[in-house]
Amino acid sequence: MLGGAGILLGVAAAPAQAAEVSYKTECVPPSISGLPPVEGTTKVEITAPAEAKVGDEVTITWKFVQAASKNPDVLDLEKDTVKPTGTLKAAGAQTADIAMEGPRSNPAIPKNSDMKLSDMTGKLKLTAAGDVTLTPDAYNINVSKPISTDTKCTPKETVNPAATIKVTGSGGTSGGTTGGLPTVTPTLPTGLPTLPTQLPTGSSTPSPSTSVSASGGGDTGGSSGGGSGGQADFTGKEVSIPYACKTPIGDKNATSPVQINAKKDGGSYGLTVQFKKSVMDSPADIPADSVKPSMEVVLGGSDKGTVHVEGPTNAQQIKSGDPIEIPDLTGTYKPGASGSSTLSPGVLTVKALGTTTTCTPTKSQVSLTLDTTQQASGASGGDSSGGTSSTGGGLAETGSDSHGALKALGLVAGTVILLGGAVFTFMPGRRLR
């Protein structure tokens, strides 16, 4: 603690004092990261006038000598993406919570390196004569990319005052006030959202995109729908599909009701794959045009192979707390064989913000059965945006032989959790596993 040295000057000319204080701190990562709180030491230097008069508005600076965390060995943080805010406690002759804020100004912060936080400033209108102590309190670290996330840090012990302003004069009113910058308290959900046991539902039905089937022959499995005849529209059965998902942060499980419908167009069929019933709230803001789903529908019975279907990217930003939906996935099935052909939900892929989550059914179930007639180029020809893959009636391999350790997670949530984990800053010595 440093006080004034008997100098009585106006606040504009008052000498500044700077003092450092350190305190144990608990930092809570973004709820979407699924990471536990960690503890470390924060070192702060507070600069304020040594003396001032009642009625003066003084400017106070909070400098981070050491933040209680590091950038983990996951993602390099770009230049000018980190913004600190916090609260400075005034006590003694007057009490106040002083809102402190720093600019979004930082050098690039590599993985597994110390956080570089800008200096925060705030203002206090002095209202009473006497000693006013200044004590650092909680602070928040916001990272704006790849999505906006917050790490909240609070003291875990009583913090000593870092500076004292000697206030002289009379006529001031009692009580505290905070002037200048507003308190900034951006928030994410307090915990990782309850993840659905089903994948999100679709909402729109865009016109089918093009893709193609593989060659004929093979086993049939269960069935629904009906024969072709003169019928044009075929409604599939809603089937509950368990998925084993490989996300960039590990293996997860999810289950969803899925339905495959078809509309006959000549000898081909326009397919629409719908995810039903389940809606999950977004744990963070997701930018527009950043989530792209697709699936390989598995053929069986008389036909073999897969049909690529895909959905549009999200047209609007998905705000934190709003539902996340997987839109209808569409594509074109050109039969590669004549007979009774079955269609089952297959490998689902969700690409978001440069990451890919791949989910493979652990149990195949037929949603739709069609009486098909082999078409020219049905086996490997035609125009296809996603191509075909021969699976021999089985499911694409993901490299995982055991699903015993998989944990529940929604698809898009898995991608967002990866991002949230990447921007959370760990304590020195603690590494992301």
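This is a short tutorial dialogue on reading a few features of a predicted model.

User: Let's start with the overall make-up. How many helices and strands are there in the protein?

Analyst: The predicted model has 1 helix and 26 strands. Buried residues account for 48% of its 433 residues. The accessible surface is about 17900 Å², and carbon and sulfur atoms hold 48% of that.

User: What share of the contacts with a separation of 6 or more comes from residues 24 or more positions apart?

Analyst: That share is 78%.

User: Now the backbone. Which residues other than glycine have a positive phi?

Analyst: The general idea goes like this: most residues that aren't glycine have a negative phi. Here, Asp80 goes the other way, with phi near 60°. Asn112 is another case, at about 55°.

User: Where do Asp80 and Asn112 lie?

Analyst: Both are in loops. Asp80 sits between strand E5 (70-71) and strand E6 (82-92), and Asn112 between strand E7 (96-101) and strand E8 (113-114). Asp80 is partly exposed at 32% relative accessibility, and so is Asn112 at 35%.

User: On to charges. Which residue does Asp80 form a salt bridge with?

Analyst: Its partner is Lys79, with the closest N and O atoms 2.9 Å apart. Lys79 is exposed, at 55% relative accessible area. In total, the model has 7 salt bridges.

User: And the salt bridge of Glu101 and Lys83: are those residues buried or exposed?

Analyst: To read that, compare each value with the cut-off: buried means under 20% relative accessible area. Glu101 has 18%, so Glu101 is buried. Lys83 has 17%, so Lys83 is buried too. Their side chains meet at 2.8 Å, N to O. The pair links distant parts of the chain, with Glu101 in strand E7 and Lys83 in strand E6, 18 residues apart.

User: How about Asp97 and Lys89: what is the N to O distance in their salt bridge?

Analyst: For Asp97 and Lys89 it's 2.9 Å. Asp97 is partly exposed at 41%, and Lys89 is partly exposed at 32%.

User: Last one, strands. How many residues of strand E25 are buried?

Analyst: A general point on strands: in a regular one, side chains alternate between the two faces of the sheet. As for strand E25 (residues 368-372), 4 of its 5 residues are buried. E25 pairs with strand E22 (residues 339-344) in the antiparallel sense, over 5 bridges. To find one of these bridges in the structure, look for Ser341, whose bridge partner in E25 is Leu370.

Note on methods. Residues numbered from 1 in each chain as written. Predicted model: local features only at pLDDT ≥ 70, side-chain atom pairs only at ≥ 80, totals over all residues. Heavy atoms only, no water. Helix = DSSP H or I, 4+ residues; strand = E, 2+ residues; numbered from the N terminus. Buried < 20%, exposed > 50% of the residue type's maximum accessible area, 1.4 Å probe, protein only. Pairing = 2+ DSSP bridges. Contact = heavy atoms within 4.5 Å. Areas by Shrake-Rupley, 256 points an atom, 1.4 Å probe, with all protein chains shown as cover. Salt bridge = Lys/Arg side-chain N within 4 Å of Asp/Glu carboxyl O.
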